[in-house]
Amino acid sequence: MAHVAQAGIMAPVPHVGRYLFFSLTDAPQMAGTALKGLAPLVDGAAVVVGMGLDCVTALGATVPGLRAFPDLRAAPVAVPATPCALWCWLRGEDTGDLVTQTRCIAQALAPAFHLDQVVDGFRHGKGPNGHGRDLTGYEDGTENPEGDAALQAALLQHDAPGLQGSSFVAVQQWVHDFAAFQALKPEAQDNVMGRRRSDNEELDDAPESAHVKRTAQESFTPEAFVLRRSMPWAAGLQAGLMFVAFGHSLDAFEAQMRRMAGLDDGVVDGLFQMSKPIAGAYFWCPPLRDGRLDLQAVGL
């Protein structure tokens, strides 16, 4: 049977989501056994799994194209790298179900992996184009590729065993400064994004710092298309966006992030006026085979 992508990568964002971030414990030699125990719990639709560089290295394997999140300390703004061994994105309709899934997954991965962080996400509203909204009220995902273009952007095409249909993903947690954003006049808020919140139309006269201009995927050489599957998150009084971008490589995200951070031309993305990333990591998402997570690329 042919390798297929984890279905949650290509599907629209769910009603609720939960992000699990695991580190390796002091028993990394148990990682292979733990991942074999995880595999039956992963259907790729309700649970999407990504392996970080530390995890792959602990298995004595390599995945071409997988690397550590870039060190952007030279940028005018802070873009932290927070390496993580394993990432699970739980997708569903009921948060209670995701809580139950979390316990099952954490138990399956012990003692090789420790659950360090859990972030709950959700779909918010509905924009003019049918996508959910960020908590600022702006539609998120407008420029996502669709159809065959989405498949080409998100999925790896590779003849090596276990790589066909896999994907790379960049995951960042952004926290919003709502007071700073609300202090801006509506026109200035639109200029941060480069779109009108009311109808999602792109502004012809937006400043160069507008997010739309900083990240215009076709403006890069080569073009930098990614498939975004971001969701708002909230915990107590803090809230923001879990930015999730799948790609057949990590190059497109990295090109966009460098430009946003002002490393290309000194112009910093307007988003940094009202939001900042507090975490960032790269992962490789294995494909499925016969309905099960296929780990043969990492020797399992």
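Let's start with Gln256, which sits in helix α9. Keep in mind, everyone, that this is a predicted model. Is Gln256 buried or exposed? Its relative accessibility is 10%, and buried means under 20%, so Gln256 counts as buried.

What does Gln256 touch, then, once we leave aside its neighbours within four places in sequence? The list is Thr215, Gln217, Phe220, Ala224 and Val226. Ala224 deserves a second look: its backbone oxygen lies 2.9 Å from a polar atom of the Gln256 side chain.

Now let's step back to the helix as a whole. Helix α9 runs over residues 251-260, and because 7 of those 10 residues are buried, the helix is largely enclosed by the rest of the structure. Besides Gln256, the buried residues of α9 include Ala252, Phe253, Glu254, Met257, Arg259 and Met260. And what covers them? Among the covering elements are strands β5 (167-176), β8 (238-247) and β9 (275-285), along with helix α8 (211-214). If you follow the chain just past α9, you'll meet Gly262, with a positive phi of about 85 degrees.

One of those covering strands, β9, brings me to my other residue, Trp284, which is found in β9. Trp284 has 0% relative accessibility, so it counts as buried too. Its side chain makes a polar contact with the side chain of Ser166, at 2.9 Å. Not counting residues up to four places away in sequence, Trp284 also touches others, including Val63, Leu66, Phe168 and Val298. Gly50 is another of its contacts, and here's a nice one to find on your screens: Trp284 and Gly50 are 234 residues apart in sequence, yet 5.0 Å apart in space, C-alpha to C-alpha.

Note on methods
Residues are numbered from 1 along each chain as its sequence is written. This is a predicted model: local features need pLDDT of at least 70, side-chain atom pairs count only at pLDDT 80 or more; totals for chains, interfaces and linings use all residues. Side-chain values use heavy atoms; hydrogens and water are left out. Buried means under 20% relative accessible area, exposed over 50%, partly exposed in between (1.4 Å probe, protein chains only). Helices (H or I, at least four residues) and strands (E, at least two) are DSSP runs, numbered from the N terminus. Contact means heavy atoms within 4.5 Å. A polar contact is a pair of N or O atoms within 3.5 Å; within protein, one must be able to donate a hydrogen and the other to accept it, and residues adjacent in sequence count only if both atoms are side-chain atoms.
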